[in-house]
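Me: I should like to learn how to read helix ends, the surroundings of a ligand and pockets in a structural model. Could we work through one together?

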Amino acid sequence: MKYESTRGGTTPVSSAEAIKMGIAPDGGLFVPVEEVKLAQGQLADMREMSYQERAQSILSLFLTDFSAAEIVSCVGGAYTRDKFDNPRIAPLVKLRDKLHILELWHGPTCAFKDMALQILPHLLTTSVRKTGEEAEIVILVATSGDTGKAALEGFRDVPGTRIIVFYPDEGVSQIQERQMITQEGANVQVVAVKGNFDDSQNGVKAIFGDTGFGEELAHHGMKLSSANSINWGRLVPQIIYYISAYLDLWQAEEIREGEPMNVVVPTGNFGNILAAFYAREMGLPIKTLICAANTNNVLTDFINSGIYDRNRDFHKTISPSMDILISSNLERLLYEITDHDAEQVRDWMYQLQQSGHYQVDDVTRTRIQEVFWSDFATDEETMTTIRTVYQEYGYLLDTHTAVGTNVYEKYVKATGDATITVVASTASPFKFASSVAEAVLGDEVVGEKDEYSLLQLLSEVSNLAVPQGVRNLDTRPIRHTHKTDRHQMAAVVKELLGI
Ligand SMILES: *Cc1c(COP(=O)(O)O)cnc(C)c1O
């Protein structure tokens with residue numbers, strides 16, 4: 001299987017090359033040249049398998065230039081009991097009849113990003129070796145909060161790599177920031193950028209697009225790569241858990257062979273829901289993909305109208321990992337939905353860059369609406385959902401998963417669809433402790449308490465232990481204090497790399 005750019009400007013490359021490069025040289029994103037399909041009977045064959053075995057089967061369909069031993073070694077290094085606090089890795093929890101929560105946050109940083117970022121360093125170092133690359137790999141990450149920490153944990157002390165994470169100084173929660181600035185590891189750097197996530201992401205994209213910068217790094221024996229979901233190596237591991245969730249439903253006799261399910265995904269950069277789209281393309285019986293947004297509802301408007309318009313106010317919400325106005329992975333969807341029309345995609349992306357706006361044709365809009373449904377939740381609705389779900393089921397949702405659950409209720413109301421549904425749960429409730437505690441305990445109880453005491457309080461009311469990834473954060477030493485302006489990011493990278 002070869003990978004080509006969504007903008008059509010590069011000759012197809014192997015998956016190892018695509019993963020090593022991160023982003024295509026023409027500024028597009030790598031996608032498989034041909035459709036990848038589950039083989040006849042393959043779902044049934046995977047039914048009894050562990051998560052790790054399922055991961056091996058699915059990855060081998062996409063990473064055809066990797067040997068079986070290489071895939072086994074990558075999977076084996078990532079999804080371990082040491083790193084994940086649940087033996088099923090991505091367990092399903094039944095909330096009520098026909099509604100299941102797919103917990104994707106049992107990894108070391110308590111967010112779903114671990115599902116991909118625990119394996120990406122293995123995929124990347126294998127890719128580097130396979131392609132005979134000798135340069136040191138420099139990973140640049142722009143984070144809305146969760147990617148940064150998950151990437152730091154994944155890449156810390158991985159030989160042959162260095163990692164620099166940029167986060168928006170006004171966009172992350174106290175716990176998210178503390179998780180990052182206390183990060184250990186000899187090859188890691190963390191920098192706060194003035195502004196919001198889009199500022200950080202644009203700054204990183206500009207560095208990737210600067211060929212002079214790349215040449216200067218090459219001169220010093222270094223090469224840039226990306227751990228953001230623009231990297232195919234980030235996206236492909238996310239396909240696994242949708243297939244695994246279906247198999248778990250089937251195993252538990254919640255679903256019959258071939259019966260469809262819906263999937264709800266709290267969405268920001270469109271990476272997670274795009275992985276579900278690929279699972280559907282492979283032949284997994286998924287009926288509708290429900291794209292849940294917060295008040296930064298640019299995707300909801302796009303799916304409903306065909307008009308993408310980032311020219312709008314940016315809202316800081318209680319689901320900060322979804323506070324995004326430019327969803328990079330939408331480019332991959334457009335490419336797939338238009339049957340690989342690179343010229344058209346390039347034109348839309350050019351308009352987006354020039355005016356912050358583009359409109360797809362009716363055929364494309366209709367095709368998208370055949371698969372996707374979208375709505376959004378306000379902060380107030382999100383809080384109400386956390387409270388009612390806790391009262392009715394004794395189950396704690398984090399703010400992002402609550403957006404998903406709220407939008408699911410709206411979907412059912414609007415369509416009457418009773419198809420069995422899986423909500424992707426993207427973070428542990430402990431990671432967004434102050435909002436979750438306020439929703440279930442009220443402001444009087446929460447008062448002026450800091451997030452660290454709220455962790456304790458949440459643990460007491462929920463009878464769940466505070467997860468390792470957020471425990472003792474307040475007493476860990478702060479190791480990173482760099483701050484910069486978005487226009488200075490390239491200079492900061494050079495300074496940190498010592499060139
Ligand atoms: C990253 C993240 C999201 C958004 O996922 P995308 O793949 O960017 O759409 C949602 N919730 C949480 C908790 C996240 O960390």
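Reply: We begin with a definition: a polar contact is a pair of N or O atoms within 3.5 Å. The model at hand is a predicted one.

Me: Which residue caps the N-terminal end of helix α10?

Reply: Aspartate 210 does so for α10, which spans residues 211-219. A side-chain oxygen of aspartate 210 lies 3.1 Å from the backbone nitrogen of glycine 212, and this falls within the 3.5 Å cut-off for a polar contact.

Me: What follows α10?

Reply: Glycine 221 comes after α10, and its phi is positive, near 75°.

Me: How should I read the surroundings of the ligand, and how many residues surround it?

Reply: A residue counts here if one of its heavy atoms lies within 4 Å of the molecule. The ligand is surrounded by 15 residues, the closest being Lys113, Asp146, Gly268, Asn269 and Thr426. By class, this shell consists of 5 nonpolar, 8 polar and 2 charged residues.

Me: Which atoms of lysine 113, phenylalanine 270 and glycine 271 lie by oxygen atoms of the ligand?

Reply: For lysine 113, a polar side-chain atom lies 2.6 Å from a ligand oxygen atom. Phenylalanine 270 instead places a backbone N or O atom 3.0 Å from an oxygen atom of the ligand, and glycine 271 has a backbone N or O atom 3.2 Å from an oxygen atom of the ligand. On its own the ligand has 380 Å² of accessible area, of which the protein covers 98%.

Me: Where does the ligand sit, and how is empty space found in general?

Reply: Rolling a probe the size of a water molecule over the atoms reveals where space is left empty. In this model, the ligand sits in the largest cavity.

Me: What is the volume of the largest pocket, and which residues lie nearest its centre?

Reply: The volume of the largest pocket is about 1,100 Å³. Its lining has 40 residues, with Ile23, Gly27, Lys205, Phe208 and Gly209 nearest the centre. Elements giving two or more residues to this lining include α1 (15-21), α9 (197-209), β8 (222-226) and the capped helix α10. The largest share, 7 residues, comes from α15. By class, the lining of the largest pocket has 19 nonpolar, 11 polar and 10 charged residues.

Me: How does the lining of the second largest pocket divide by class?

Reply: This pocket, with a volume of about 380 Å³, has a lining of 4 nonpolar, 6 polar and 9 charged residues. Of its 19 lining residues, Pro108, Glu153, Gln468, Gly469 and Arg476 lie nearest the centre.

Methods: Residues are numbered from 1 along each chain as its sequence is written. This is a predicted model: local features need pLDDT of at least 70, side-chain atom pairs count only at pLDDT 80 or more; totals for chains, interfaces and linings use all residues. Side-chain values use heavy atoms; hydrogens and water are left out. A polar contact is a pair of N or O atoms within 3.5 Å; within protein, one must be able to donate a hydrogen and the other to accept it, and residues adjacent in sequence count only if both atoms are side-chain atoms. Accessible areas come from the Shrake-Rupley method with a 1.4 Å probe; for residues, only the protein chains shown count as cover. On a 1 Å grid over the protein atoms alone, a cavity is a set of points where a 1.4 Å probe fits but cannot get out, and a pocket is an open set with protein on both sides within 12 Å along at least five of seven lines; lining residues have an atom within 4 Å of a point. A molecule sits in a cavity or pocket if more than half of its atoms lie within 2 Å of its grid points. Ala, Val, Leu, Ile, Met, Phe, Trp, Tyr, Cys and Pro count as nonpolar, Asp, Glu, Lys and Arg as charged, and the others, Gly among them, as polar. Helices (H or I, at least four residues) and strands (E, at least two) are DSSP runs, numbered from the N terminus. Grid points are joined across faces, edges and corners, and a volume is the space filled by probe spheres set on the points.
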